[in-house]
Amino acid sequence: MALTEKIRKLLVRHKSTENGIAKKTHDDDNSSITSSTPKREKWTRQFDFIMSGIGYCVGLGNLYRFPYLCMRNGGGAFLLPYFVCLFTCAIPLYYLEVALAQYSSSSPLTFWRLSPLFKGLGYGMIFVSGITCIYYNVIMAWVLYFLGMSFAAEVPWGNCGNEWNSDCCLSSVDAGQIRSNSTGSNSSMPLNSSAVFTYSDFGTMSGDNRSLAEVVFGTANQSSGGLVGFTQGSLIPGCNTTTSPAEEFWQSMVLGMSSGIEDLGTIRWQLLVCLTVAWLITFLCLSKGVKSTGVVVYFTATLPYICLTILMVRGATLPGSLEGVKFYLVPNFTKIAEFKVWCEAGLQVFFSLGAGWGGPIIMAGYNNFHNNIKRDALLIPIVNGLSSVYGGFVIFSVIGHMAHVAQLPVDKVVKSGPGLAFIAYPEAIALMPLSPLWAILFFMMLLTLGLDSQFVTLETLTGSVIDEFPELLRKRRTLFTFVVCALMYFIGFPLVTNGGIYVFQFMDWYCAAIAIVIIAIFESVVLAYVYGVRRICEDIEQMVGQPTFILWKICWWAVTPGLLMLLLVFTLFNYKAPTYGSYQYPDWAEPLGWTVAVIPLIPIPAIAAWRLYQSKEENLKMRFMRLLQPSLDWHPQEREHRRVQVNGNCVTYTAPEDSIRLPDEKKEINGVV
């Protein structure tokens, strides 16, 4: 009877908390929820989660970073470390996030009710996601600008002679013709030994600063590698280097680049209009939460694959495309022995999948309790990885054609990062018949790839804050989303000035790279060792009705945290000060950048210290022990799925009448609240 009475009191406390009767205690992390507060949303169809997950993971990096890494790190051989890291590092952490988020119907802030001492990790996630949203939508503004300019008889970046072109502009077609005419003999045309197409390298973590199309005409008196000797001199009078029309369109027409971050100049009104459109699209698609997003993702997640397929078929018909694909996939197995290759594979799968950012948590929190999360946690990452490989065929078939036209090796044409999306690939498109059609398809594909990721990243911020203050904000979701979008829109103004590209490079360099890896390390350790693998397996089994495979447990206990620590060491060891092409940032930029990099990490110790200070336990040790345990409001959203633990006994209550099923008191049950 004593045990029964104790259980009834605990159940009353739970029900009172739900109805807004109980006061918030020092160790509970429950926002005030009254009966008038709208219930937390769920996906309309369970397939909405899968489509949103694929749309979030398959982003711009799959298209303009993975193929380049694959080519640079052993071609087809790179797939081995890529998929090994995918299954041992990225997927286990992703599985942890989505499983526990589905179990508790939580967002990145309420997720840490499982161990309130570490709630600062949730704040770190939404800080990183919020900062990323600001400059990620600037990429969408660039895409919209290119898309708008593609609706013309000819793409404007296809040739020189426009008002924004300089006297040193030279197209790859003209360069290839000159080089072809000069083959076999010393050219009488004066050529400079250092004449190159100099393409800016930005927005990448590759550490490779080669120009996009180096040594177009060869080096003076060089005859190896099929390059012929040329007479020293100047290709174009007064020009030490030549630039392509695509690069000049990008730098002069789109960006209107200034001399550096010290000179921001004025706002580019064309980019401001595009940024306005990008934020309007984002707001409209998120204004109703998952009800609106769940519909939009069926378009934004599928259109990229349609465009990719059309572009791949077109690329396969172009001369030289096969050489590009060979260069992409021909394996060099000696690269597998290099530590750097494994670390770059790990970083690529980790950042591509989005574990540690909060996106998977916010999406899985809208799932139904008995959704087969084990299946989804494998399906989404595998689709993400295969999409990266698929995108490489599209990129390298066209790059191979570009190299064929310019009569260059493929490695002198390929580039990583946005330089590929906004310079190299557009120039390759300009070489095709019906170039505006292919440009429209390409930039529509980029737009939908980016919007999916932007939707979920912003929802990570807005959904988390709404869940933290449901009574105040859940009824006002549309208004709150508008306020957040407007605020980020205005903060992004410096990014669309003449010096905006330098601000973009600076933010991209520091805002996420270090902080996210550290957050992921803390997250994996807390979930595996504080909350406990045993509890995790019990929660998953309650949802899917199947025990957890032993390999998952091994990864959670040792492999995933260990690999994440290696990635952190590799990232710090290979750190370099930011640059943009040949531009060097001023001395004050680096300390400011590290300050920005640390900001998302500050809530981790700050929130922990505040919680310890607020705790009413008698001594510091008891405060630690209490705050490491799940709070009373860590449980499934639906009452019928909850379990209450009293004196080691697990009690499930299913009905409003407090019908209670008592276990055998002699049987050890490891249920948790």
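## Briefing: one disulfide, a nonpolar patch and two helices

With -80 degrees about its S-S bond, the disulfide between Cys-160 and Cys-169 is left-handed. This is a predicted model, and a search through the whole structure turns up 1 disulfide. Beyond that link, here's a quick look at a nonpolar surface patch of about 630 Å², the buried residues of helix α23 and the surroundings of Arg-314.

**The disulfide and other cysteines**

- The sulfur atoms of Cys-160 and Cys-169 sit 1.9 Å from each other.
- The two ends of the link get different labels: Cys-160 counts as partly exposed because its relative accessibility is 29%, while Cys-169, with a relative accessible area of 10%, is buried.
- Cys-285 counts as buried too, at 12% relative accessibility.
- Cys-537 comes in at 9% relative accessible area, so it's buried as well, given that buried means under 20%.

**The nonpolar surface patch**

- Six side chains are worth picking out on screen here: Tyr-529, Phe-549, Ile-550, Leu-551, Ile-554 and Trp-557 make up the patch.
- Helix α22, which runs over residues 550–573, gives the most to this patch, with 4 residues.
- Tyr-529 belongs to another element, helix α21 (residues 513–544).
- Tyr-529 counts as exposed because its relative accessibility is 52%, and the cut-off for exposed is over 50%.

**Helix α23 and what it packs against**

- Helix α23 spans residues 589–598, and its Ala-589, Gly-593, Val-596 and Ala-597 are buried.
- Look down the axis of α23 and those buried residues fall within an arc of 100 degrees, so they line one face of the helix.
- The packing partners of the buried α23 residues are α20 (500–510) and α21.
- That makes helix α21 worth a second look: Tyr-529 of the nonpolar patch lies in α21, and α21 also packs against the buried residues of α23.

**Arg-314 and its surroundings**

- You'll find Arg-314 in helix α11, residues 303–316.
- Is Arg-314 buried or exposed? Arg-314 is buried, because its relative accessible area is 18% and the cut-off is under 20%.
- Setting aside neighbours within four places in sequence, Arg-314 has Met-432, Pro-433 and Trp-438 as its contacts.
- Arg-314 and Val-394 are 80 residues apart along the chain, yet their C-alpha atoms are separated by 8.9 Å.

Notes:
Residues numbered from 1 in each chain as written. Predicted model: local features only at pLDDT ≥ 70, side-chain atom pairs only at ≥ 80, totals over all residues. Heavy atoms only, no water. Patch = residues over 30% accessible without salt bridge, like charges linked within 9 Å, V, L, I, M, F, W, Y side chains within 5 Å. Areas by Shrake-Rupley, 256 points an atom, 1.4 Å probe, with all protein chains shown as cover. Salt bridge = Lys/Arg side-chain N within 4 Å of Asp/Glu carboxyl O. Helix = DSSP H or I, 4+ residues; strand = E, 2+ residues; numbered from the N terminus. Buried < 20%, exposed > 50% of the residue type's maximum accessible area, 1.4 Å probe, protein only. Disulfide = S-S within 2.5 Å. Arc of directions from axis to C-beta. Contact = heavy atoms within 4.5 Å.
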